[in-house]
Amino acid sequence: TSFRMPEKTMDFGGRTITIASIWSTVEGKFGNNTEQGKSATGDLWLEWRRAVEDTYKCTIKVEMLNANDTQVSMINKFMAGEKVADIINCQMLDIERTRLAGDFLTDLNTVSTLNLQCEGNLTYGKNLLDACTWNGKSYAMYPLGGNIQNALVVNMDLLNKLDLGYDLWEMVDNKTWNFEAFKTVLEKAKSDLNGDGQFTSKDQYGTYVDIGLVQAMALSNGVRALEKKADGTCEYTLNTPNTVTTVNEIKSILVDSGLCPEIRLDEMYRRLFKQGQILLMPAMPWIVNDDDYKDLDFSMGLLPVPLGADGTEYVTVGDAWMETYCIPKLNTEPEYAGLILQSMAEDFYLKLYDRDCDIFANSVFAGHEPSMQVYKMLQSNIVYTLAYPETGWQDAYYCVLNGVVDNTNPITTLLEAVDSPLKAYLNDTYNKAVR
């Protein structure tokens with residue numbers, strides 16, 4: 001594999017560049033490995049690392065962080081004057097918490113060897129970069145923007161049998177793949193396969209209730225828990241008429257209509273999908289790039305979660321645990337780390353992305369180009385909101401889910417229950433810290 005390396009170069013003088021990594025990352029898995037043949041990704045990482053070390057006459061060393069205690073361990077070490085590593089790969093929520101705890105991270109815009117504004121935002125995910133930017137200072141980045149958390153994996157054979165008379169991907173292009181169209185498809189897909197007059201796990205459904213599907217449908221209709229301002233402060237925006245209307249509409253489609261199965265067990269639904277009884281499986285696309293889905297009796301496609309009436313773009317929910325790269329301020333030579341990150345983005349991650357696209361295009365989606373266009377579109381439309389600086393912040397997102405599945409309390413009551421603590425956190429803690 002050939003790597004072109006960034007145009008900018010510098011003499012590393014034999015330096016060792018350390019990367020502290022959480023367990024889930026590529027370098028966390030393959031780190032200092034020197035053996036080829038264990039996996040395609042591991043081989044690509046090893047080839048890239050060797051190319052960088054040969055080009056810049058340096059050594060890359062990976063050290064592991066405790067994924068369950070990343071934020072605490074980093075902050076304690078920073079406060080003790082320890083830089084931890086030249087580059088730190090940690091979860092997005094750890095960046096949020098670390099930034100709030102003190103001035104520990106380098107503004108990546110000041111690192112001369114990093115180009116965060118590459119043409120077409122090809123190298124860095126703009127949405128994630130924006131989410132990690134406060135007051136014009138960008139404290140973390142991740143090549144290509146992150147993982148698609150929410151989409152609808154399609155049983156293409158079942159879709160063809162339904163004979164809708166129109167193309168769902170043309171509707172996506174025309175922005176008419178919306179809540180109403182989604183409900184129509186669910187109605188056409190539901191079928192009492194055994195004719196016993198009851199709908200059970202032996203029958204056929206359009207989809208099922210899933211937390212990611214609910215959250216993405218809410219986001220696709222403009223629901224946001226927060227509005228981030230230019231200075232980095234946030235305004236609480238969850239309790240609005242649009243949220244109430246949207247949640248009730250989602251509830252009417254997924255629950256009140258009776259179109260979805262009542263029992264909510266993800267593993268059962270995935271089994272039903274593999275058996276050909278579910279048309280649209282809410283899932284992260286990478287789930288179906290797995291041995292469990294390689295010998296199905298049908299081909300698969302990909303659709304975005306439908307648009308609400310007030311939505312403008314098909315979106316997917318950004319993961320608060322998404323891995324990011326940052327440079328600690330105690331690294332007094334950030335240009336070396338910056339050049340490594342630039343090469344990692346331009347060379348390693350672009351090749352990894354291209355390879356993944358080939359796999360999805362030729363193996364997972366069996367040459368269905370419209371599905372690949374959806375895959376690439378969603379890669380650019382990941383919506384990141386505030387991570388979870390406090391555990392209770394998740395209440396905002398579960399409030400939306402419970403508004404759909406809870407038949408005891410209306411969404412207005414659920415919103416009122418979380419309003420005060422979340423507003424208090426924003427005003428008394430979060431916004432004061434970012435000013």
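Below, a colleague asks about a predicted model and the modeller replies.

Colleague: What kind of model is this, and which residues and atoms count?
Modeller: This is a predicted model, where local features need pLDDT of at least 70 and side-chain atom pairs count only at pLDDT 80 or more, while totals for chains, interfaces and linings use all residues. Residues are numbered from 1 along each chain as its sequence is written, and side-chain values use heavy atoms, with hydrogens and water left out.

Colleague: How many helices and strands does the protein have?
Modeller: Helices (H or I, at least four residues) and strands (E, at least two) are DSSP runs, numbered from the N terminus. On that basis the protein has 15 helices and 13 strands.

Colleague: What is the radius of gyration of the protein?
Modeller: The radius is taken over C-alpha atoms, and the globule rule is 2.2 Å times the number of residues to the power 0.38. That rule gives 22 Å for 435 residues, and the protein is close to it, so it is as compact as a globular protein of that length. The C-alpha atoms fill a box of roughly 75 × 50 × 35 Å along the principal axes. The radius of gyration is 23 Å.

Colleague: What percentage of the residues count as buried?
Modeller: Buried means under 20% relative accessible area, exposed over 50%, and partly exposed in between, with a 1.4 Å probe and protein chains only. Of the 435 residues, the buried share is 56%.

Colleague: What share of the contacts comes from residues 24 or more positions apart?
Modeller: A contact means heavy atoms within 4.5 Å. Among contacts in the protein with a separation of 6 or more, residues 24 or more positions apart account for 75%.

Colleague: In what order do the four strands of the open sheet stand?
Modeller: Two strands pair if DSSP finds at least two bridges between them. Strand 1 (residues 16-21) runs parallel to strand 2, with six bridges between them, and three bridges join strand 1 to strand 3, also parallel. The pairing in the sheet as a whole is mixed, and the order is 2-1-3-12.

Colleague: Which strands of that sheet stand at the edges?
Modeller: An edge strand here has a single partner, so one side of it is left without a neighbour in the sheet. The two in question are strand 2 (59-64) and strand 12 (323-326).

Colleague: Which residue in strand 2 is the bridge partner of Ile17?
Modeller: Strand 1 pairs with strand 2 in parallel, and Thr16 has Thr59 as its bridge partner there. For Ile17 the partner is Ile60.

Colleague: Which helix packs on this sheet and touches strand 1, strand 2, strand 3 and strand 12?
Modeller: Helix 4 (residues 92-101) packs on the sheet too, but its listed contacts are strand 3 (87-91) and strand 12. Axes are lines fitted to C-alpha atoms, for helices over the stretch in contact, and angles run from 0 to 180 degrees between N-to-C directions. The helix asked about makes about 145° with the direction of strand 12 and touches the four strands named; it is helix 12 (residues 334-364).

Colleague: How many of the ten residues of helix 4 are buried?
Modeller: Among the buried ones are Met92, Leu93 and Asp94. The buried residues pack against elements including helix 3 (70-79), helix 5 (126-131) and helix 15 (411-434). Helix 4 is largely enclosed by the rest of the structure, because the buried count is eight.

Colleague: Which element gives the largest share of the largest nonpolar core?
Modeller: Such a core is a set of buried Ala, Val, Leu, Ile, Met, Phe, Trp, Tyr and Cys residues joined through side-chain atoms within 4.5 Å. The largest has 151 residues, and those with the most contacts inside it include Leu254, Met300 and Ile340. The largest share, 15 residues, comes from helix 12.

Colleague: Which strand of the three-stranded antiparallel sheet pairs with both strand 9 and strand 10?
Modeller: Strand 9 (280-283) and strand 10 (300-303) stand at the edges, each with a single partner strand. Four bridges join the strand asked about to strand 10, with Val154 opposite its bridge partner Gly301. Four bridges also run to strand 9, where Pro282 is the partner of Leu152. The order is 9-6-10, which puts in the middle strand 6.
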